[in-house]
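Let's walk through this structure together, paying attention to how its parts meet. Keep the 3D view open as you read.

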Amino acid sequence: MNGRYEQLRALAGEIWDIEKASGLLSWDEETGMPPGGAHARAEQKATLQRLAHERWISDELAELLEELRQFEAEHDHDSDEASLVRVMRHDHEKARRVPVELHAEIVRAGSLGYQAWLEARAREDFSVLLPHLERNLELRRRYVECFGPQDDPYDPLLDDYEPGMKTSDVDPVFEQLKAALVPMIAAVKEAEPVDDSCLRGYFPLDAQRRFSVWVMEHWGYDPATWRLDGTVHPFATAFATTDIRLTTRFQPDHLGGVIACLHEFGHGIYERQVSPTLERTPLASGVSAAMHESQSRMWENLVGRSLATWRVFYPKLQEELPQFADVPLTTFHRAINKVQPSLVRTEADEVTYNLHVILRYEIERELLSGTLALADLPDAFNAKMRDYLGLDPPDLVRGVLQDAHWSDLGFGYFPTYSLGNVISVQIWERAQNDLGDLEEQFERGEFGALRDWLGEHVHRFGRKFTAAETVQRTAGGPIDPAPYVAYLERKLRDVFGAAVGAS
Ligand code: ZN
């Protein structure tokens with residue numbers, strides 16, 4: 001084995017350990033830390049991030065990567081060896097453009113912004129958050145400047161989540177989505193409303209948790225390698241392929257926390273099924289945010305809202321939450337597939353969800369370019385909610401303060417949600433081609449074939465291929481909204497009858 005490559009592997013492991021330690025501090029910050037820990041935690045995370053960043057930009061790494069050019073060329077593009085050199089070179093060159101102090105300042109300001117966001121929500125006062133947003137926006141602009149002249153200042157921010165993707169790639173996908181969704185939602189408004197009253201009531205938190213874990217155990221959750229904790233804004237993270245952390249927010253009056261578990265499971269299984277040979281390298285995680293979201297959306301929506309799936313899970317739900325004993329399965333299924341414009345993105349249905357995303361994408365670009373002032377953000381947010389969804393947020397918590405993502409102005413992330421929806425159906429259709437009728441399998445309680453197929457065709461590669469390459473390899477073409485739109489039309493016909501979605 002090449003000695004230089006062994007050195008690279010060792011350095012990759014060291015960086016990985018530092019980054020995962022920092023990630024664990026973030027996980028703790030959002031699941032267990034008392035508020036008083038905020039300032040100390042911001043410093044701790046900034047220190048670890050600085051240590052990792054120093055290694056990413058080090059001359060030692062630069063020299064190793066230079067010396068390994070021949071080694072890289074001698075190995076297959078798909079090999080662990082060539083992939084590690086290639087991906088580390090990409091990350092190294094990107095990190096070199098950002099000064100250490102700016103990087104640390106972004107992390108520190110982001111952590112303080114998150115705490116201010118929590119306080120602003122509690123006090124329902126945007127002005128608590130505003131100075132933090134001003135500071136974070138200034139830092140984002142300085143970050144963008146590090147990458148030199150751009151076609152669009154949003155490009156370097158998008159690239160952090162979708163390496164290689166441009167704002168000009170996203171625009172046409174969103175144009176097509178918007179054009180399809182507006183008439184769909186208009187048709188839904190004219191149809192007989194779906195009765196989802198069974199989803200409101202009193203649902204004890206311990207029963208919700210037991211049920212959620214039971215469901216996820218059918219899919220591949222295993223207490224030896226996974227855990228589930230409470231948080232304000234649900235997320236998933238991993239510290240190794242054998243250490244998967246899911247979070248959710250169970251609430252007593254609805255089942256949003258259960259649905260969040262189905263979603264976060266999809267993120268978790270992606271990290272869980274990365275090849276163990278990539279462990280402790282930057283290859284050992286999902287390719288991009290949109291690819292990750294394609295997996296969470298698949299388990300939440302394509303698997304988790306299917307009638308076949310609930311034929312297996314519903315009796316257990318009725319056992320844990322006896323108020324469902326008298327609710328027919330078809331009533332429950334229609335209720336969890338209801339389409340209706342709503343205020344909170346994370347609780348939105350599959351169809352209107354994309355409009356929540358598109359309006360945020362548009363606002364982010366306006367804030368970054370300076371055409372929208374931060375002080376006007378709450379009004380601008382409300383105006384777009386009216387235009388796209390016909391709704392007036394009654395307060396800040398259900399309005400502009402609903403998402404943690406903007407506490408540090410982490411721009412570039414929101415569009416990946418809808419891109420993930422689009423990709424999820426492209427990959428699903430290919431899985432159906434290979435595996436036959438998945439719904440038939442789900443009815444028998446068999447989810448393993450889909451899970452293993454995803455492991456084989458997507459998950460095990462980690463970051464070896466870009467998102468565009470992964471979609472090309474898996475779905476056989478570029479990112480294309482048409483299969484997703486057709487899927488939504490089929491679903492609307494199932495839930496509302498022939499009048500809707502027939503366009
Ligand atoms: Zn997600």
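**Two domains and the contact between them**

In this predicted model, the protein falls into domain 1, spanning 3–149, and domain 2, spanning 167–496. If you place a point at the C-alpha centre of each domain, the two points are 26 Å apart. The contact draws on 42 residues of domain 1 and 48 residues of domain 2.

How much area do domain 1 and domain 2 bury between them? The size of an interface is often given as the accessible area lost when the parts come together. Here that comes to about 3,800 Å², with 62% of it on carbon and sulfur atoms. On the domain 1 side, look for Trp16, Trp27 and Arg121: they provide 19% of the area this domain buries against domain 2, more than any other three residues.

Now turn to the polar side of the contact. Five salt bridges are counted between domain 1 and domain 2. For a salt bridge to find in your viewer, try Arg463 and Asp91, whose side chains meet at 2.9 Å, N to O. Between the two domains there are also 17 residue pairs in polar contact, with both residues at pLDDT 80 or more.

Which elements give two or more residues to the side of domain 1 that touches domain 2? They are α1 (3–31), α5 (80–96), α6 (100–123) and α7 (126–145). The largest share is from α1, with twelve residues. Sorted by character, the residues on this side of domain 1 comprise 17 nonpolar, ten polar and 15 charged.

Definitions and conventions
Residues are numbered from 1 along each chain as its sequence is written. This is a predicted model: local features need pLDDT of at least 70, side-chain atom pairs count only at pLDDT 80 or more; totals for chains, interfaces and linings use all residues. Side-chain values use heavy atoms; hydrogens and water are left out. Domain bounds come from an automatic or database domain assignment. Contact means heavy atoms within 4.5 Å. Buried area is the accessible area (1.4 Å probe) that two parts lose on being put together, summed over both. A salt bridge is a side-chain nitrogen of Lys or Arg within 4 Å of a carboxyl oxygen of Asp or Glu. A polar contact is a pair of N or O atoms within 3.5 Å; within protein, one must be able to donate a hydrogen and the other to accept it, and residues adjacent in sequence count only if both atoms are side-chain atoms. Helices (H or I, at least four residues) and strands (E, at least two) are DSSP runs, numbered from the N terminus. Ala, Val, Leu, Ile, Met, Phe, Trp, Tyr, Cys and Pro count as nonpolar, Asp, Glu, Lys and Arg as charged, and the others, Gly among them, as polar.
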